[in-house]
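Thanks, everyone, for making the time. I would like to walk through one model this morning, starting with a few backbone details and working outward to the whole chain, so please have the coordinates open.

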Amino acid sequence: MLKIDIISVQPQMFRGFLEESIVARAVKKGACEVNIINLRDYGVGKWKKCDDKPYGGGPGLLMLCEPWFKAVEAACAARGEEGVLNTVARRIIMTSPAGKTFTQRDAELFAGVAAPSNPNAQTFSHLIFLCGHYEGFDARIETMVTDKYSIGDFVMTGGELAAAAMVDSIVRLLPGVLGGGPAATASESFGREGLLEAPQYTHPPEFRGMKVPEVLLSGDHAKIEAWRTAEARKLTKEQRPDLIK
Ligand SMILES: C[S@@+](CC[C@H](N)C(=O)[O-])C[C@H]1O[C@@H](n2cnc3c(N)ncnc32)[C@H](O)[C@@H]1O
């Protein structure tokens with residue numbers, strides 16, 4: 001079972017995410033365990049300080065090394081692991097606008113899904129997400145990090161939404177979490193062929209003069225599949241030409 005720890009100074013931000021989402025369902029089904037760790041518990045001194053002014057001057061505050069190292073060490077110890085280095089099945093993932101952009105390929109990798117990006121279906125037992133705040137992390141914190149990810153070229157106040165987005169996309173790929181299984185996710189956007197998903201329709205067959213394409217009502221599965229592939233290619237060419245190599 002995949003164990004996920006998320007370390008944050010705002011643990012309350014994960015309340016809805018853990019109680020109401022697909023992640024809650026996955027935890028109930030035993031596909032994963034998700035634990036939120038309050039960085040403040042490892043803060044320095046009486047006031048549990050987690051930040052300080054940057055050396056060399058500049059605006060804002062930076063996150064201190066000590067709380068982060070202690071929190072990660074505690075997360076590893078709580079899972080029966082020793083130390084924070086030499087990881088194979090464990091990844092320590094920093095959220096940062098300066099990281100590599102997180103994609104479906106990364107979600108597949110961390111979920112242990114067999115895919116071209118993960119041909120050996122490498123599996124991980126423990127993922128630890130670090131949610132930064134203020135001006136970000138003291139650079140020395142990166143020495144214990146195995147991966148640094150951004151969720152896009154914009155800057156948010158904290159790493160909580162980034163961690164939640166990544167965890168959601170990973171957890172929904174774990175076996176048994178989604179009804180349709182791997183087939184359902186393979187035909188989605190960024191799936192098997194790396195294309196966007198073709199347009200989809202449900203009842204009624206006509207709504208305010210807008211008709212569902214006839215082929216989808218034909219019952220001819222080969223024709224439907226061909227139509228979907230053609231539409232997926234067309235849509236991707238129009239909206240995300242960068243995805244077509
Ligand atoms: C205000 S940001 C710090 C930005 C940092 N000073 C910089 O210029 O790169 C605070 C924290 O939010 C998180 N964060 C902000 N934008 C993000 C993004 N696009 N992807 C992932 N994490 C992000 C990171 O954890 C970051 O440490």
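Pro 204 sits in the loop that runs between helix H6 (181-186) and strand S8 (206-207), and in this predicted model the peptide bond leading from His 203 into Pro 204 is cis, with omega near 0°. That loop between H6 and S8 also holds Phe 190, which has a positive phi of about 65° although it is not a glycine. Is Phe 190 buried or exposed, or something in between? It has 19 C-beta neighbours inside 10 Å, and because the count for a buried residue starts at 20, Phe 190 is classed as partly exposed.

A further residue with a positive phi that is not a glycine is Lys 48, at about 55°, and you will find Lys 48 in the loop between S2 and strand S3 (51-52). Lys 48 has 14 C-beta neighbours inside 10 Å, so it counts as partly exposed.

Let me turn to the sheet. Five strands, or rather 5 strands in an open arrangement, follow the order S2-S1-S6-S5-S7, and their pairing is parallel. Strand S2 (32-38) and strand S7 (147-150) stand at the edges, and because each has a single partner strand, one side of each is left without a neighbour in the sheet. From one strand to the next, the twist averages 30°.

Strand S1, residues 2-8, is mostly covered, with 6 of its 7 residues buried. On one hand S1 pairs with S2 in the parallel sense over 7 bridges, with Leu 2 opposite Cys 32 in S2; on the other, S1 pairs with S6, also in the parallel sense, over 5 bridges, and there Ile 7 stands opposite Leu 130 in S6. Further along the sheet, S5 and S7 are joined by 5 bridges in the parallel sense, and Ile 93 has Asp 147 in S7 as its bridge partner.

Which strand gives the largest share of the shell around the ligand? It is strand S5, residues 90-101, which contributes 4 residues. The ligand is surrounded by 20 residues, the closest being Thr 95, Gly 132, Gly 136, Gly 159 and Ala 162. By character, the residues of that shell divide into 9 nonpolar, 10 polar and 1 charged.

Now to helix H4, residues 104-111, where Ala 107, Glu 108, Leu 109, Phe 110 and Ala 111 are buried. What do the buried residues of H4 pack against? Their partners are strand S6 (126-130) and helix H5 (160-171). Just after H4 comes Gly 112, with a positive phi of about 75°.

Finally, the overall picture. The secondary structure of the protein comes to 7 helices and 9 strands, and the domain assignment gives domain 1, residues 2-181, and domain 2, residues 187-243. The centres of domain 1 and domain 2, taken over C-alpha atoms, are separated by 35 Å, and along the principal axes the C-alpha atoms of the protein fill a box of roughly 70 × 40 × 35 Å. Of the 245 residues, 29% count as buried. As for the contacts with a separation of 6 or more, 72% of them are between residues 24 or more positions apart.

Key
Residues are numbered from 1 along each chain as its sequence is written. This is a predicted model: local features need pLDDT of at least 70, side-chain atom pairs count only at pLDDT 80 or more; totals for chains, interfaces and linings use all residues. Domain bounds come from an automatic or database domain assignment. A residue is near a molecule or strand if its C-beta atom, placed from the backbone, lies within 6 Å of it. Helices (H or I, at least four residues) and strands (E, at least two) are DSSP runs, numbered from the N terminus. Ala, Val, Leu, Ile, Met, Phe, Trp, Tyr, Cys and Pro count as nonpolar, Asp, Glu, Lys and Arg as charged, and the others, Gly among them, as polar. Two strands pair if DSSP finds at least two bridges between them. Axes are lines fitted to C-alpha atoms, for helices over the stretch in contact, and angles run from 0 to 180 degrees between N-to-C directions. A residue is buried if 20 or more other C-beta atoms lie within 10 Å of its own, exposed if 12 or fewer, and partly exposed in between; C-beta atoms are placed from the backbone. Two residues are in contact if their C-beta atoms, placed from the backbone, lie within 7 Å.
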